[in-house]
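Here is a friendly walk through one protein model, going from a single residue out to the whole chain. Please keep the sequence and the structure open beside the text.

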Amino acid sequence: MTDASPESGAQTSPAFRPKVARITTDDLRAALALGWSDFKRAPAFGLFFSAVYVLGGLAMVYILMATGKSWATLPIIVGFPLIGPFAAVGLYEVSRRLQTGEPLDWGAVLGVVLAEKNRQMPSMAAVILIFFLFWNFLAHMIFALFLGLAVMTNITSSFAVFLTPNGMMMLLVGTGVGAVLSFVLYGITVVSLPLLLDKEVDFVTAMITSFSAVTENLRVMLSWGVLVAVLLLVGMVPAFLGLLLVLPLLGHATWHLYQRVITAA
């Protein structure tokens, strides 16, 4: 890390060209260890950024239930982790500052996060949002396709509908479609978000670089993706509260994993 700008949290040299490095499972373990260390060194920041994410999830489910749209709760809960990477941007900045020794105060960190609105991060936010909305559209379409003619059932209080042939087929197709979309989104965001915070590159280059990092380290990066998915889903079980610990750990760890998989050409 060199010549980082306090205002933007990014290296301003336009000559930077991302290059993907080979990593192993040892790098995953090291990233997790460093991520946990960062969380312990700055727990207030981790809890703050994760709390914003958790409160957003709770508010989303509450609005659905209050408006009588409980049928949409399941796809919302399944798709909600897709916006996790964007919520972790503040955690990337905290880890960056811990490494460089820059001041770690609320004004500086939040200032960098807010300054991202003038860079490439809003474009990535739009991509993530489109994926999230598209997943919910497909979830509704799949539900209507397989269970549209079934007797209306409140799936939040009765799961019998899922045990019917159409219900099990819906779960199978929905899981397959969701897995494909999740892999694509994971591939284009796992490295691109910390890269956009760290360097001056456009969001298309960042997405291509991120996907290349996944495909060139497929086994290792798939292992990381599965670990992230499992931890996020486990963290969501007790009313999203487990994410107060899971999200800071993964956010800080992703920053250190990014530094191991991306180098300057």
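Threonine 209 sits in helix α10, which spans residues 203-216; helices here are DSSP runs of H or I with at least four residues, strands are runs of E with at least two, and both are numbered from the N terminus. This is a predicted model, in which local features need pLDDT of at least 70 and side-chain atom pairs count only at pLDDT 80 or more, while totals for chains, interfaces and linings use all residues. Residues are numbered from 1 along each chain as its sequence is written, and side-chain values use heavy atoms, with hydrogens and water left out.

Threonine 209 counts as buried because its relative accessibility is 9%; buried means under 20% relative accessible area, exposed over 50%, and partly exposed in between, with a 1.4 Å probe and protein chains only. Setting aside residues up to four places away in sequence, threonine 209 touches Pro18, Val20, Leu195 and Ile262, a contact being heavy atoms within 4.5 Å.

Next comes the nonpolar interior. The largest nonpolar core has 58 residues, and Trp224 and Leu243 have the most contacts inside it. Such a core is a set of buried Ala, Val, Leu, Ile, Met, Phe, Trp, Tyr and Cys residues joined through side-chain atoms within 4.5 Å. Helix α12 (residues 243-261) gives the largest share of this core, nine residues. Tryptophan 224 is in contact with Leu28, Leu32, Tyr186, Val190, Ala253, Thr254 and Leu257, leaving aside neighbours within four places in sequence.

Now for the charged pairs. The structure holds nine salt bridges, each a side-chain nitrogen of Lys or Arg within 4 Å of a carboxyl oxygen of Asp or Glu. Three of them are set out here, with the distance between N and O atoms.

| Acidic partner | Basic partner | N to O distance |
|---|---|---|
| Aspartate 27 | Arginine 260 | 2.8 Å |
| Glutamate 93 | Arginine 97 | 2.5 Å |
| Aspartate 198 | Lysine 199 | 3.6 Å |

The salt bridge between aspartate 27 and arginine 260 links distant parts of the chain, with aspartate 27 in helix α1 (residues 25-41) and arginine 260 in helix α12, 233 residues apart. Aspartate 27 counts as buried because its relative accessibility is 14%, whereas arginine 260, at 32%, counts as partly exposed.

Glutamate 93 and arginine 97 both lie in helix α5 (residues 89-100), four residues apart, or about one turn of the helix. Glutamate 93 has 0% relative accessibility and so counts as buried; arginine 97, at 3%, counts as buried. Salt bridges that share partners join Glu93, Arg96, Arg97 and Glu102 into one network. Lysine 199 and aspartate 198 are both buried.

Which residues make the nonpolar surface patch of about 340 Å²? They are Phe48, Val52, Trp106 and Leu110. Patches are made of residues with over 30% relative accessible area and no salt bridge; like charges are joined within 9 Å, and nonpolar side chains (Val, Leu, Ile, Met, Phe, Trp, Tyr) within 5 Å. Helices α2 (43-66) and α6 (106-115) each supply at least two residues of the patch. Phenylalanine 48 lies in helix α2 and counts as partly exposed because its relative accessibility is 35%.

Finally, the whole chain. There are 12 helices and two strands, following the pattern β-α-α-α-α-α-α-α-α-α-α-α-α-β along the sequence. Of the 265 residues, 45% count as buried. The accessible surface comes to about 12800 Å², of which 73% belongs to carbon and sulfur atoms; accessible areas come from the Shrake-Rupley method with a 1.4 Å probe, and for residues only the protein chains shown count as cover.
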